[in-house]
Amino acid sequence: MRVSSLPLLAATVVAQQAAATPYGQCGGLGFVGPAACGTGYYCTVYNPYYAQCVPGVQSTTIRTSTPSSTSTPGPATTTSTRTSLTITSAPVTSTPLANPGVGAPTTLLPNQFWIRAVATPNYRSYLQPAPTSVPTSIPAVLASSKSAAQFRFEGNQLVLYQLSPSVPLYMHVANSTAPGATPPRKLRTWFAADKNAYGDFAFQGDTLVWSVAGMQRPNSAAWLVCEGGEVFVNTGAFLYQTPEGCFDHTIHSYGGATADM
């Protein structure tokens, strides 16, 4: 007996149409949206309440079963043929992250703080992750209070709080200095799920500082904010030979209930 493949084809088309968007939610308790991801993405579970489509292809074994009926007299019997197909791709190089804007709380939570600039041209712009399609390295920027992030310290790590999913993001500083060489004037900063391995974050009063063994910075509280609001460690003197397109800043903690002042 010939079995039509049209139902299977229709189901495939429906599944493709129902695929979650890149970085969209694809699972979690109470979630009723699409559980499949589009081409080039796979569904990663962060916790029982949230899963997300991230770039790459997960190593997967797909098993199919094809029933066939015998034509010999007597009771009908069914046999099955099992085929295994393994799909493999290059692994994602770092822990996938969620869109940092998902579920950002607008009221300061206990044991958290805001971080902001207090001088022009970024007066009262707040530290936060930039929207990006690269989930393993999210630039740190100063931007609107409406999307301000909340932070806490864990030892020497500056940790960004996320409401959904509950994956801590750590602020990183680029280690781009060869031993014995003069460090570049700008050291890039970003957020990622793995801990920062280069230098220590701390407060001096309410001012955010960063330091690392072997580097004598004129001012450990000196930061540069450049095009797009992107934040860099300033390894040189504050307000001296500022790189083109950048502004010197110190950035400070703020404990107000909301980030709108």
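Reader: Is Phe203 buried, partly exposed or exposed, and what is its relative accessible area?
Author: In this predicted model, the bounds for burial and exposure are 20% and 50%. Phe203 falls between those bounds, so it counts as partly exposed, with a relative accessible area of 27%.

Reader: Which aromatic pair do Phe153 and Phe203 form, stacked, tilted or edge-to-face?
Author: The centres of the two rings, Phe153 and Phe203, are 5.0 Å apart, and their planes meet at 85 degrees. Planes over 60 degrees apart count as edge-to-face. The pair of Phe153 and Phe203 is therefore edge-to-face.

Reader: How many residues separate Phe153 and Phe203, and where do they lie?
Author: Phe153 belongs to strand E9, while Phe203 belongs to strand E13, residues 200-204. The pair links distant parts of the chain, with a separation of 50 residues.

Reader: Why is the pair of Phe113 and Phe153 tilted?
Author: The model has 6 aromatic pairs by the ring-centre rule. For Phe113 and Phe153, the centres are 5.7 Å apart and the planes stand at 40 degrees. Stacked pairs need planes under 30 degrees apart and edge-to-face pairs need over 60. An angle of 40 degrees fits neither class, so the pair is tilted.

Reader: Where in the chain does Phe113 lie, and where does Phe153 lie?
Author: The two residues are 40 apart, and their pair links distant parts of the chain. Phe153 is in strand E9, residues 150-154. Phe113 is in the loop between strand E5 (78-87) and strand E6 (114-117).

Reader: Which of the words buried, partly exposed and exposed applies to Phe113, and which to Phe153?
Author: Phe153 has a relative accessible area of 27%, so it is partly exposed. Phe113 has 14% relative accessibility, which is under the 20% cut-off. Phe113 therefore counts as buried.

Reader: Which residues form one aromatic cluster?
Author: Phe153 pairs with Phe113 and also with Phe203. The cluster consists of Phe113, Phe153 and Phe203.

Reader: What lies over the ring of Tyr254, and what lies over the face of Phe232?
Author: Lys186 lies over the face of Phe232, at 4.4 Å from the ring centre. At Tyr254, the group over the ring is 3.8 Å from its centre, and it is the charged end of Arg116.

Reader: How many helices and strands are in the chain?
Author: Of the 261 residues, 39% count as buried. The chain holds 1 helix and 18 strands.

Note on methods
Residues numbered from 1 in each chain as written. Predicted model: local features only at pLDDT ≥ 70, side-chain atom pairs only at ≥ 80, totals over all residues. Heavy atoms only, no water. Helix = DSSP H or I, 4+ residues; strand = E, 2+ residues; numbered from the N terminus. Buried < 20%, exposed > 50% of the residue type's maximum accessible area, 1.4 Å probe, protein only. Phe/Tyr/Trp six-rings, centres within 6.5 Å; stacked < 30°, edge-to-face > 60°. Lys NZ or Arg CZ within 6 Å of the ring centre and 35° of its normal.
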